[in-house]
Amino acid sequence: MEEAVRDGVAQQRERLMESLRIYGGHYSELSRRFAAWLGLHSTDATAVLEIAAAEERGTPLSPARLSERISLSTGATTALLNRLEAAGHITRAREHSDRRIVTLRSGAHIQERADEFFGPLAHRLDAAMSPYPPRFLEQVEAFMADLNATVNSHLTEQDTVTPHSPRTSDGRTP
């Protein structure tokens, strides 16, 4: 009986992980479509969305933080920001008392375009979540925070590990 329960839990976890993979795929497809809709490269659109979302949360990004969020080198991030600023999609401001700190802001049209593109989906997602009680949503939120922390920790550990050299079938390095 205990083994059957364990198997049921393992299958449930597999279904949950599959659902998360599907959601991730959908999110990637939405991001790709948003980029095409704006006429931007997908990395540029991802950066614009990250900048706009951070502003909405009241925690605007610095170039270094954006670089971390979208996994680009500082040089590549600078080139990306130069393109976005030249096109009027973002601005770089020195709003902090420490004038060395640069804050990224999205252009007004970006928030309008993002609202236009994602607004209908936001309403549908809100409707999909509305039948669930707040306590359940808190549990899902905690669950997602745990999963995100676990994956983030794993990625951080991988950053410190050097890749393995290719090996032949007998274990030797070619």
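Accessible areas are obtained by the Shrake-Rupley method with a 1.4 Å probe, and for residues only the protein chains shown count as cover. The structure is a predicted model, in which local features need pLDDT of at least 70, side-chain atom pairs count only at pLDDT 80 or more, and totals for chains, interfaces and linings use all residues. Residues are numbered from 1 along each chain as its sequence is written, and side-chain values use heavy atoms, with hydrogens and water left out.

**Exercise 1. Describe the surface and overall form of the chain.**

Step 1. The chain exposes about 12,700 Å², of which carbon and sulfur atoms supply 56%.

Step 2. Helices (H or I, at least four residues) and strands (E, at least two) are DSSP runs, numbered from the N terminus. The chain contains six helices and two strands, in the sequence order α-α-α-α-β-β-α-α.

Step 3. The radius of gyration, at 21 Å, is well over the 16 Å that the globule rule gives for 174 residues, so the chain is more spread out than a compact globule. This radius is taken over C-alpha atoms, and the globule rule is 2.2 Å times the number of residues to the power 0.38.

Step 4. Along the principal axes, the C-alpha atoms fill a box of roughly 60 × 60 × 35 Å.

**Exercise 2. Determine the surroundings of S106.**

Step 1. Locate the residue: S106 belongs to strand β2 (residues 103-106).

Step 2. Classify its exposure. Buried means under 20% relative accessible area, exposed over 50%, and partly exposed in between (1.4 Å probe, protein chains only). S106 is buried because its relative accessible area is 14%. Across the chain, buried residues make up 20% of the 174 residues.

Step 3. List its neighbours. Leaving aside residues up to four places away in sequence, S106 touches I51, A52, E55, H89 and I90, where contact means heavy atoms within 4.5 Å.

Step 4. Examine the side chains: those of S106 and E55 are joined by a polar contact of 2.6 Å. Such a contact is a pair of N or O atoms within 3.5 Å; within protein, one must be able to donate a hydrogen and the other to accept it, and residues adjacent in sequence count only if both atoms are side-chain atoms.

**Exercise 3. Characterise S71 and T74.**

Step 1. S71 lies in the loop between α3 (63-70) and α4, while T74 lies in helix α4 (residues 74-86).

Step 2. S71 counts as exposed because its relative accessibility is 64%; T74 is likewise exposed, with a relative accessible area of 60%.

Step 3. Phi of S71 is near 55°, a positive value in a residue other than glycine.

Step 4. T74 and E2 are 72 residues apart in sequence and 52 Å apart in space, C-alpha to C-alpha.
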